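Okay everyone, thanks for coming. I'd like to walk you through one structure today, so have a look at the screen and then we'll go through it together.

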Amino acid sequence: MIERQLLDGDCQGGVILHMNRPEGKNAFSRSFLEAFHQAISDLDLNQTRVLLIQSKVPGVFCAGADLKERAQMSDIEIVQFLDRLGELLSRIESLPFPTIAVLQGVAFGGGLELALACDVRIGTPSMQVGLVETSIGIIPGAGGTQRLGRLLGSSRAKQMIYTAQRISAIEAKSLGLIEGISTSENGESEARELTSSILRNAPLAIRAAKQAIQQGLLLPLSEGLAIERQYYLSLLQTTDRQEGLEAFKKKRPPRFQGQ
């Protein structure tokens, strides 16, 4: 259900998790959810430098919850499932390295919530996304009401959620929901290009930047600046910083080691 691929060449250090549940359009069933948890547990947190989440099912990123399975659940089981899904998305959000969602096709409900838990989102020409839960009598329950509002602002998030709006790639790009639109339907070349551009930079600096942004985002500016300074100072004595300075002085590409 979740297939792992290690990237090579100028993308070495990148890992792709391919969702491959065609019979359910990558919808979150219990077994699919647990397979995803296991895939995250299996990641080497020290060696992985960028994680991409993609689909192998044509025309769909993730259709959200498996509503057929959910219809057979008790209320207690639904709450337990929702807690487990929220835990997965929080684990992805808190990974120490950059995460990229490649939205090939549709991503509704939990599928968009999955993408919102990633650092960066790339769309494809046929992409269509939305938090559509109000159309079936519920609300997003795995972080959608919180992450979408923080990304787009509360008014735009409210409009999307209240109306169960489904938006295209072009509109998603104009809103800032995705960072770019690929020229192909699988988004592979753009995802690799972005991965390569991240991997050219110092690994420790990338991780520090992610932590500074995420930890400071919801704090008063003065506290956020203190966090930024803390992470900046943590890099001063690293070998990579010295290498960066030396490479700049000699006008050559740096050779970072993550040390």
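**A walk through the model**

Let's start in helix α1, which covers residues 30-41: F32 and F36 both sit in there, four residues apart, and that is about one turn of the helix. Before I go on, please keep in mind that what you're looking at is a predicted model.

So how do the rings of F32 and F36 meet? They make an aromatic pair of the edge-to-face kind, with 6.1 Å from centre to centre and 75° between the planes. In case you're new to this, a pair of aromatic rings is described by the distance of the centres and the angle of the planes.

Now, how many aromatic pairs does the structure hold? There are three. Take F28 and F32: their ring centres are 5.5 Å apart and the planes are at 50°, so this pair is called tilted. Put the residues together, and F28, F32 and F36 make up one aromatic cluster.

Are these rings buried or exposed? F28 and F32 are both buried. For F32 the relative accessibility is 0%, which is why we count F32 as buried. F36 comes out at 0% too, so F36 counts as buried as well.

There's one other ring I want to show you, and that's F108. What sits over the ring of F108? It's the charged end of R166, 4.2 Å from the ring's centre.

Okay, let's zoom out. The chain has eleven helices and ten strands. Its radius of gyration is 19 Å, and the globule rule gives 18 Å for 259 residues, which is close, so the chain is as compact as a globular protein of that length. If you draw a box around the C-alpha atoms along the principal axes, you get roughly 60 × 40 × 35 Å. And of the 259 residues in the chain, 44% are buried.

Next, a few spots in the loops. Find K25, in the loop between β2 (14-19) and α1. K25 isn't a glycine, yet its phi is positive, near 55°. Is K25 buried or exposed? K25 has a relative accessible area of 54%, and because exposed means over 50%, K25 is exposed.

Then go along to A164, in the loop between α6 (154-163) and β9 (167-168). A164 also has a positive phi, about 55°, although it is not a glycine. But here the relative accessible area is 14%, and since buried means under 20%, A164 is buried.

One more loop residue: T48, which you'll find between α1 and β3 (50-55). T48 counts as buried because its relative accessibility is 3%. Which residue should you look at alongside T48? Try G14: along the chain T48 and G14 are 34 residues apart, but their C-alpha atoms are separated by 6.1 Å.

Last stop, the surface. Which residues form a nonpolar patch there? They are L67, I136 and I138, and together they have about 270 Å² of accessible area. To find I136, look in the loop between β8 (128-130) and α5 (144-152).

So if you take one picture home, let it be this: an aromatic cluster of F28, F32 and F36, with a nonpolar patch of L67, I136 and I138 on the surface. Thanks for listening!

Note on methods
Residues are numbered from 1 along each chain as its sequence is written. This is a predicted model: local features need pLDDT of at least 70, side-chain atom pairs count only at pLDDT 80 or more; totals for chains, interfaces and linings use all residues. Side-chain values use heavy atoms; hydrogens and water are left out. Patches are made of residues with over 30% relative accessible area and no salt bridge: like charges are joined within 9 Å, nonpolar side chains (Val, Leu, Ile, Met, Phe, Trp, Tyr) within 5 Å. Accessible areas come from the Shrake-Rupley method with a 1.4 Å probe; for residues, only the protein chains shown count as cover. A salt bridge is a side-chain nitrogen of Lys or Arg within 4 Å of a carboxyl oxygen of Asp or Glu. Helices (H or I, at least four residues) and strands (E, at least two) are DSSP runs, numbered from the N terminus. Rings of Phe, Tyr and Trp (its six-membered ring) pair if their centres lie within 6.5 Å; planes under 30 degrees apart count as stacked, over 60 as edge-to-face and the rest as tilted. Buried means under 20% relative accessible area, exposed over 50%, partly exposed in between (1.4 Å probe, protein chains only). A charge sits over a ring if NZ of Lys or CZ of Arg is within 6 Å of the ring centre and within 35 degrees of the ring normal. The radius of gyration is taken over C-alpha atoms; the globule rule is 2.2 Å times the number of residues to the power 0.38.
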